[in-house]
Amino acid sequence: MYTARQLERARELAYRHSGITLGPNKDVMIANRLDKLKRDVAHDDIDAILSAVEQGRYVDTFISTFTTNKTNFFRESFHFDDLRDRVFKQAAGKGSELKIYCSAASTGEEPYSILMTMEAAKTVHSDAALNYSLLATDIDTDVLRHASNGIYEWQKNAEDFPEWIRPSEYFKRRPHPTKEGDYLIKVKETLARRVRFERHNLMAQEYPFKPHEFDVVFCRNVLIYFNQNDQNAILKKLFRTLKPGGTLYLGHSESPLELSPYVERYGQNIFVKTKEYP
Ligand SMILES: C[S@@+](CC[C@H](N)C(=O)[O-])C[C@H]1O[C@@H](n2cnc3c(N)ncnc32)[C@H](O)[C@@H]1O
């Protein structure tokens with residue numbers, strides 16, 4: 001059991017370090033996360049741990065404990081259909097590089113789904129030529145490590161691949177070290193070298209990107225953790241980095257909020273930039 005003061009300190013620290021807003025209905029969740037934090041730092045005194053975080057220690061561990069990293073391959077698969085059939089097709093053969101940014105990449109399933117889509121699109125569109133690059137970021141250093149390693153359990157993920165993707169083209173298999181009958185899949189180097197993983201806090205005042213740097217921005221299932229003011233501020237910063245005519249993909253329960261007059265909707269949470277935000 002934690003005191004109201006301890007829960008409040010944790011809430012305040014989560015907001016300060018990641019923008020994650022935990023309402024009064026989240027006390028049970030905060031308590032579970034504090035239990036995990038104690039295990040992760042191998043220390044039992046929560047007041048001492050919270051004081052240490054306030055003084056700048058254990059901050060990465062604290063952030064990893066408070067982020068929710070749920071994701072899967074080809075989550076909201078209609079976005080990948082759109083990337084393959086509209087975005088790829090419009091860009092192919094034009095000679096310029098298509099730059100894609102995945103802004104809450106978690107353990108990597110989303111950025112690798114983007115890469116598989118781009119590779120499969122070449123075949124679907126009769127070996128069309130398209131040069132592209134992908135930057136994938138997250139605030140959580142644990143998930144970034146997992147994403148860079150690119151190793152997943154097959155059984156947990158097998159159902160997620162659409163029929164137009166052949167996982168054997170993109171993953172190597174090896175026996176699971178502990179689960180008999182299962183195996184691990186590791187992203188092949190030919191695919192992995194197409195993505196750059198970096199840490200970025202979406203709450204940062206300044207983003208290290210140029211205006212109009214990206215043709216496509218994925219920002220899915222992360223805005224829901226922020227309050228509405230912060231969601232608007234993040235969307236505007238991301239929007240600045242998006243080229244006119246570029247595509248913004250949001251998660252199923254997210255909306256472009258104040259950007260609405262500046263985008264055209266192309267289907268389920270697919271938005272194309274029509275005007276610059278003033
Ligand atoms: C629920 S996952 C969504 C992953 C993926 N985009 C998807 O749709 O499957 C949310 C991710 O947002 C990340 N996140 C939370 N706060 C963040 C922040 N301030 N800056 C960047 N990433 C953040 C978390 O670490 C987590 O990996």
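How many nonpolar, polar and charged residues make up the shell around the ligand? In this predicted model, the shell has, by class, six nonpolar, nine polar and six charged residues.

**View 1. The ligand and the residues around it.** The ligand of this predicted model is found in the largest pocket, with 21 residues around it. Those that come nearest to the ligand are Ser 18, Thr 71, Ala 104, Asp 138 and Asn 221. Sorted by class, nine residues of this shell are polar, while six are nonpolar and six are charged.

**View 2. Side-chain contacts to oxygen and nitrogen atoms of the ligand.** Thr 71, one of the residues that come nearest to the ligand, places a polar side-chain atom 2.6 Å from a ligand oxygen atom. For Arg 75, an N or O atom of the side chain lies 2.8 Å from an oxygen atom of the ligand, whereas Asn 201 has a polar side-chain atom at 2.8 Å from a nitrogen atom of the ligand. The ligand taken alone exposes 600 Å², and 99% of that area is buried by the protein.

**View 3. The two assigned domains and the contact between them.** In the domain assignment of the protein chain, domain 1 covers residues 4–66, and domain 2 is made up of the segments 78–150 and 189–273. The centres of domain 1 and domain 2, taken over C-alpha atoms, are 30 Å apart. Nine residues from domain 1 and eleven residues from domain 2 take part in the contact.

How values were computed
Residues are numbered from 1 along each chain as its sequence is written. This is a predicted model: local features need pLDDT of at least 70, side-chain atom pairs count only at pLDDT 80 or more; totals for chains, interfaces and linings use all residues. Side-chain values use heavy atoms; hydrogens and water are left out. A residue is near a molecule or strand if one of its heavy atoms lies within 4 Å of it. A polar contact is a pair of N or O atoms within 3.5 Å; within protein, one must be able to donate a hydrogen and the other to accept it, and residues adjacent in sequence count only if both atoms are side-chain atoms. Accessible areas come from the Shrake-Rupley method with a 1.4 Å probe; for residues, only the protein chains shown count as cover. On a 1 Å grid over the protein atoms alone, a cavity is a set of points where a 1.4 Å probe fits but cannot get out, and a pocket is an open set with protein on both sides within 12 Å along at least five of seven lines; lining residues have an atom within 4 Å of a point. A molecule sits in a cavity or pocket if more than half of its atoms lie within 2 Å of its grid points. Ala, Val, Leu, Ile, Met, Phe, Trp, Tyr, Cys and Pro count as nonpolar, Asp, Glu, Lys and Arg as charged, and the others, Gly among them, as polar. Domain bounds come from an automatic or database domain assignment. Contact means heavy atoms within 4.5 Å.
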